[in-house]
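Hello,

Here is the structure I promised to pass on to you. Have a look at it first, and then read my notes below.

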Amino acid sequence: DEACTEVVARWSPGTAAGWKNVTLLGDTRASEEHRTERVPTDVRVKAEGRVFHAHRDVLVAASEYFKALFESGMSEATSGQLELNETSADELDRVLCYLYYGECTLRHEGLISLLLTACNLQAADLRERAVDAVVKKLDADNVLAAWDLADVHGLKRMQGVVEKEAW
């Protein structure tokens, strides 16, 4: 939405001097069998024309969005073919990397977009790791953008930290 686009624009490369990459480390990751494809994939997720093969149980375990979708009985849930119109292919790639390997590395410019994707997919662990990374890089140039983001997406923990930083 418009408020989120503005937040992403205000979280510019200059707001975190010297901060080129960020690695998000998660508490969980998919099993070795899933990561090495010993368990055949049963879902195809499409974003921006790219198709990603995944495992329903990995998606459900990490995302309330996918859990609700697969439990809904909708045609996408039964066919195993999903299309995410609001998610870029690069963001989906990062999300899946995080879900399968418990980490992902990205340039700081992509952090807010990844946080928004985690919010949209209701991927709690990824969302919290992205919030941690944002909070670590708060400064006078980005604190208001971070507060707007926290407010719009109901990120209470981030909002509390931002409020302390701003005052």
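The expected span of a helix is 1.5 Å times one less than its number of residues. Please keep in mind that this is a predicted model.

Let's try that rule on helix 6, residues 89–101. Helix 6 has 13 residues, so it should span 18 Å, and its end C-alpha atoms are indeed 18 Å apart, which agrees. Which residues of helix 6 are buried? They are A89, E91, L92, V95, L96, Y98, L99 and Y100. Just after this helix comes G102, with a positive phi of about 75 degrees.

Now for a residue that touches helix 6. T117 is part of helix 7, residues 111–120. Is T117 buried or exposed? Its relative accessibility is 6%, so T117 counts as buried, the cut-off being under 20%. Leaving out residues up to four places away in sequence, T117 touches T87, E91 and V95. Both E91 and V95 are among the buried residues of helix 6.

Next, a look at backbone angles. Most residues other than glycine have a negative phi. Here are two that do not follow this:

- E48 has a phi near 50 degrees. It sits in the loop between strand 2 and strand 3 and is exposed, with a relative accessible area of 61%.
- Q122 has a positive phi of about 55 degrees. It lies in the loop between helix 7 and helix 8 and is partly exposed, at 39%.

Finally, find L144 in helix 9. L144 is exposed, at 59% relative accessibility. Its C-alpha is 10.0 Å from that of E165, and the two are 21 residues apart in sequence.

Enjoy exploring!

Key. Residues are numbered from 1 along each chain as its sequence is written. This is a predicted model: local features need pLDDT of at least 70, side-chain atom pairs count only at pLDDT 80 or more; totals for chains, interfaces and linings use all residues. Side-chain values use heavy atoms; hydrogens and water are left out. Helices (H or I, at least four residues) and strands (E, at least two) are DSSP runs, numbered from the N terminus. Buried means under 20% relative accessible area, exposed over 50%, partly exposed in between (1.4 Å probe, protein chains only). Contact means heavy atoms within 4.5 Å.
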